[in-house]
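Subject: Structure handover

Hello,

Here is the structure I promised to pass on. Please open it first, then read the notes below.

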Amino acid sequence: MNIWVDADACPVVIKEILYRAAQRTSIHTTFVANCYLSLPPSPFLHGLQVSSGFDVADDEIVERVEPGDLVITADIPLAAEVIEKKAAALSPRGELFNKENIRSRLNIRDFMDTMRSSGVNTGGPPPLGAKDKMQFANELDRLLAKRKK
């Protein structure tokens, strides 16, 4: 298993959890972004800088992900693509995307996009809170423990 992080929009606090998890479990974790990322020194942490552009980082993750890998992303279309490739997708808020829930999440995303396009201010997600951070850490630990079995 490798962990792939859609790092452009990943909150710093989630990156820090991933740094510790990679070190603790010896899992190679790659942070994909279109800008330079400073990572702590570790043989398990890798940065992959891609060119700027719409979905360039997402496309790179989809190209490299393999069955059994884990992708950290809040991007619903990216999550759908990695699930199709038999990888897992986890949001920075700790929501595990899967075959059962990704279709409805895509529909909601598309509906909200249509609303925004028609001028409706839908707001954005609330700031990441302590509960979200804990939910992410717990779900990540559960996924990593499952990997050991």
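Start with helix H1. Its buried residues are Ile 14, Lys 15, Ile 17, Leu 18, Tyr 19, Ala 21, Ala 22 and Thr 25. Buried means under 20% relative accessible area, exposed means over 50%, and partly exposed lies in between, with a 1.4 Å probe and protein chains only. Helices (H or I, at least four residues) and strands (E, at least two) are DSSP runs, numbered from the N terminus.

A word on the source. This is a predicted model, where local features need pLDDT of at least 70, side-chain atom pairs count only at pLDDT 80 or more, and totals for chains, interfaces and linings use all residues. Residues are numbered from 1 along each chain as its sequence is written, and side-chain values use heavy atoms, leaving out hydrogens and water.

**Overall layout**

The chain holds 5 helices and 6 strands. From the N terminus, the order is β-α-β-β-α-β-α-β-β-α-α. Of the 149 residues in the chain, 40% are buried.

**More on H1**

H1 covers residues 12-25, which is 14 residues. From first C-alpha to last it reaches 20 Å, close to the 20 Å expected at 1.5 Å a residue. That expected span is 1.5 Å times one less than the number of residues. Ala 22 lies in this helix. Ala 22 is buried, with a relative accessible area of 1%. Its C-alpha atom is 8.5 Å from that of Ile 3, though the two are 19 residues apart along the chain.

**Positive phi values**

Ser 26 comes just after H1. It sits in the loop between H1 and strand S2 (29-33). Its phi is near 60°, a positive value in a residue other than glycine. Ser 26 is partly exposed at 39%.

Lys 86 is also not a glycine, and has a positive phi of about 70°. Lys 86 lies in the loop between H3 and strand S5 (88-90). With a relative accessible area of 55%, Lys 86 is exposed.

**Salt bridges**

A salt bridge here is a side-chain nitrogen of Lys or Arg within 4 Å of a carboxyl oxygen of Asp or Glu. The count by this rule is 4. Three are described here.

- Asp 141 pairs with Arg 24, with the closest N and O atoms 2.9 Å apart. Asp 141 is in helix H5 (residues 130-148) and Arg 24 is in helix H1, so the pair ties together parts 117 residues apart in sequence. Asp 141 is partly exposed at 36%, while Arg 24 is exposed at 53%.
- Arg 93 pairs with Asp 132, the closest N and O atoms being 2.9 Å apart. This pair links distant parts of the chain, 39 residues apart: Arg 93 is in the loop between S5 and strand S6 (96-97), and Asp 132 is in helix H5. Arg 93 is partly exposed at 26%; Asp 132 is buried at 18%.
- Arg 142 pairs with Glu 139, with the closest N and O atoms 2.5 Å apart. The two are 3 residues apart in helix H5, so about one helical turn separates them. Arg 142 is partly exposed at 38%, and Glu 139 is buried at 15%.

**Negative patch**

Asp 55, Asp 59, Glu 63, Glu 81 and Glu 84 gather in a surface patch of negative charge. Patch residues have over 30% relative accessible area and no salt bridge, with like charges joined within 9 Å. Helix H2 (56-64) and helix H3 (76-84) each supply at least two residues of the patch. Asp 59 is in helix H2, and is partly exposed at 44%.

Best wishes

Methods:
Patches are made of residues with over 30% relative accessible area and no salt bridge: like charges are joined within 9 Å, nonpolar side chains (Val, Leu, Ile, Met, Phe, Trp, Tyr) within 5 Å. Accessible areas come from the Shrake-Rupley method with a 1.4 Å probe; for residues, only the protein chains shown count as cover. Lys and Arg count as positive and Asp and Glu as negative; His and the chain ends are not counted. The place of a charge is taken as NZ of Lys, CZ of Arg, CG of Asp or CD of Glu.
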